[in-house]
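This briefing looks at how the strands pair and at where the backbone takes less common angles. Please keep the sequence and the structure side by side while reading.

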Amino acid sequence: MGGIRVDKWLWAARFFKTRSLASEAVGGGKIKLNDEPTKPAREVKTGDRLDIAHGDSRWQVTVLALSEKRGPASVARQLYEETPESIAAREAERLRRKFSVEPAADLHGRPTKRDRRCLERLSG
């Protein structure tokens with residue numbers, strides 16, 4: 001097997017739930033292949049390095065194996081190896097989120113009539 005489409009590999013390795021989501025991420029510049037922006041049809045080969053940005057998470061992985069089929073998570077985990085720097089960065093980000101309060105955490109939807117009146121009183 002020479003290579004496989006990068007969007008298909010990302011789907012098979014379970015980084016994205018659907019192949020179309022993987023294709024959109026690649027097309028949107030969220031995936032870099034060997035530090036270069038790529039297109040969904042570009043072929044990935046064993047030994048290539050992928051930088052994956054998905055939501056708040058970022059991974060740097062090395063491709064160990066190719067697969068066109070999406071299998072169980074235990075099999076998908078064997079398709080790549082995450083770099084130690086990536087593991088440390090994700091762990092630091094997880095701890096940062098755990099101990100810091102999100103500013104909008106207690107906001108839920110639109111302000112109520114009472115909230116709006118309070119805001120109007122504050123703003124004058």
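Two strands are taken to pair if DSSP finds at least two bridges between them. The model is predicted, and in it strand E6 is joined by three bridges to strand E7 (residues 80-82), the two running antiparallel.

**Strand pairing**
- Strand E5 (residues 49-54) pairs with strand E6 (residues 57-63) in the antiparallel sense, and six bridges connect them.
- Within this pairing, Ile52 stands opposite Trp59 of E6.
- E5 and E6 form a hairpin in which two residues lie between the strands, and Gly55 in that turn has a positive phi of about 70 degrees.
- On the E7 side, Thr62 has Glu81 as its bridge partner.

**Positive phi outside glycine**
- Most residues other than glycine have a negative phi.
- Arg14, which is not a glycine, nevertheless has a positive phi of about 65 degrees; Arg14 sits in the loop between helix H1 (6-12) and helix H2 (19-27), and is partly exposed, with a relative accessible area of 39%.
- Asn34 likewise has a positive phi, near 55 degrees; Asn34 belongs to the loop between strand E2 (31-33) and strand E3 (36-37), and is partly exposed, its relative accessible area being 36%.

**Helix H5 and the residue after it**
- Helix H5 (residues 113-123) is hardly covered, since the count of buried residues among its 11 residues is zero, where buried means under 20% relative accessible area.
- Gly124, just after H5, takes a positive phi of about 95 degrees.

Key. Residues numbered from 1 in each chain as written. Predicted model: local features only at pLDDT ≥ 70, side-chain atom pairs only at ≥ 80, totals over all residues. Heavy atoms only, no water. Buried < 20%, exposed > 50% of the residue type's maximum accessible area, 1.4 Å probe, protein only. Helix = DSSP H or I, 4+ residues; strand = E, 2+ residues; numbered from the N terminus.
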